[in-house]
Amino acid sequence: MDTQNNSANTQTETEDFAHLLRSNKLKVTQPRLRVLEIVSTKTAAISQPELEKILGNEIDRVTLYRILASFEEKGILHKIFDLHGTATYAICSTKCSAHHHHDQHVHFICSVCNSIYCLDEISLPQINLPSGFSLYSIAINAVGLCKNCQSTH
Ligand SMILES: [Zn+2]
Ligand SMILES: [Zn+2]
Ligand SMILES: [Zn+2]
């Protein structure tokens, strides 16, 4: 690993990610740390093709696919589908755990650049289901223009 000139900040972050992996009973590996590092630096959700582009041949496709699947299962990342039906991933809130996602927030999808943002601050409506139905999750997408696209249109 050629990260001798890492800043102190990056070092702490790596420690946090390593801790996150260990607390989810995942082995701390370089590819897993790299994926967490990239996803956490993005303000919008990121798709597997985008990740592949950033990673180049650092991590092969199959490994990346497995990492994303395991992160989703453990409650580290949650999956959101964009307007084209492509799966994108965003970091979960700390409340998420294995098999129990609590990312019940609105997702904003930009119709121009297709970026997806997690809007944690918006509270979701109470869903009153007919009797006999039970609720597992709510997915609400708000579609419009993001901040970046707003300024260029
Ligand atoms: Zn989650
Ligand atoms: Zn946009
Ligand atoms: Zn989200």
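## Secondary structure and overall dimensions

Five helices and six strands, 5 and 6 respectively, make up the regular secondary structure of the protein chain in this predicted model. In sequence order, these elements follow the pattern α-α-β-α-α-β-β-β-β-β-α.

The C-alpha trace of the protein chain spans about 55 × 45 × 30 Å along its principal axes. The protein chain has 153 residues, of which 19% are buried. Among contacts with a separation of 6 or more, 50% are between residues 24 or more positions apart.

## The antiparallel sheet and helix α4

One open sheet contains 3 strands in the order β1-β3-β2, and its pairing is antiparallel. The edges are formed by β1 (46-47) and β2 (77-81), each of which pairs on one side only. Between β2 and β3, the antiparallel pairing extends over 5 bridges. Within this part of the sheet, I80 stands opposite T88 in β3.

Helix α4, comprising residues 61-74, lies across β2 and β3. The direction of helix α4 is at about 105° to β2.

## The mixed sheet

A further open sheet of 3 strands has the order β5-β4-β6, with mixed pairing. Its edge strands are β5 (116-119) and β6 (140-144), and each pairs on one side only. Neighbouring strands of this sheet are turned against each other by 25° on average, with direction ignored.

The two pairings made by β4 account for the mixed character of the sheet. With β5, β4 pairs in the antiparallel sense over 4 bridges; here V106 stands opposite L119 in β5. With β6, β4 pairs in the parallel sense over 5 bridges, and F108 stands opposite A142 in β6. Strands of a sheet pair through backbone hydrogen bonds, in either the parallel or the antiparallel sense.

Strand β6 lies largely in the open, because the number of buried residues among its 5 residues is 0.

## Helix α2

Helix α2 covers residues 30-41 and has 12 residues. At 1.5 Å a residue, this helix should span 16 Å; its end C-alpha atoms are 17 Å apart, which agrees with that expectation.

The buried residues of α2 are R32, V35 and L36. Seen down the axis of α2, the buried residues fall within an arc of 95°, so they line one face of the helix. The face turned away from this buried side carries the exposed residues Q30 and T41.

## The annotated position H100

The UniProt record, an unreviewed entry, places the feature "binding site" at H100. This residue is in the loop between β3 (87-91) and β4 (106-110). The loop thus joins a strand of the β1-β3-β2 sheet to a strand of the β5-β4-β6 sheet.

H100 is classed as exposed because 8 other C-beta atoms lie within 10 Å of its own, where the cut-off for an exposed residue is 12 or fewer.

Definitions and conventions:
Residues are numbered from 1 along each chain as its sequence is written. Chains are lettered from A and ligands numbered from 1 in the order in which they are written. This is a predicted model: local features need pLDDT of at least 70, side-chain atom pairs count only at pLDDT 80 or more; totals for chains, interfaces and linings use all residues. UniProt positions are given in the numbering used here, feature names are shortened, and annotations may be inferred rather than shown by experiment. A residue is buried if 20 or more other C-beta atoms lie within 10 Å of its own, exposed if 12 or fewer, and partly exposed in between; C-beta atoms are placed from the backbone. Two strands pair if DSSP finds at least two bridges between them. Axes are lines fitted to C-alpha atoms, for helices over the stretch in contact, and angles run from 0 to 180 degrees between N-to-C directions. Two residues are in contact if their C-beta atoms, placed from the backbone, lie within 7 Å. The expected span of a helix is 1.5 Å times one less than its number of residues. The arc is that of the directions from the helix axis to the C-beta atoms.
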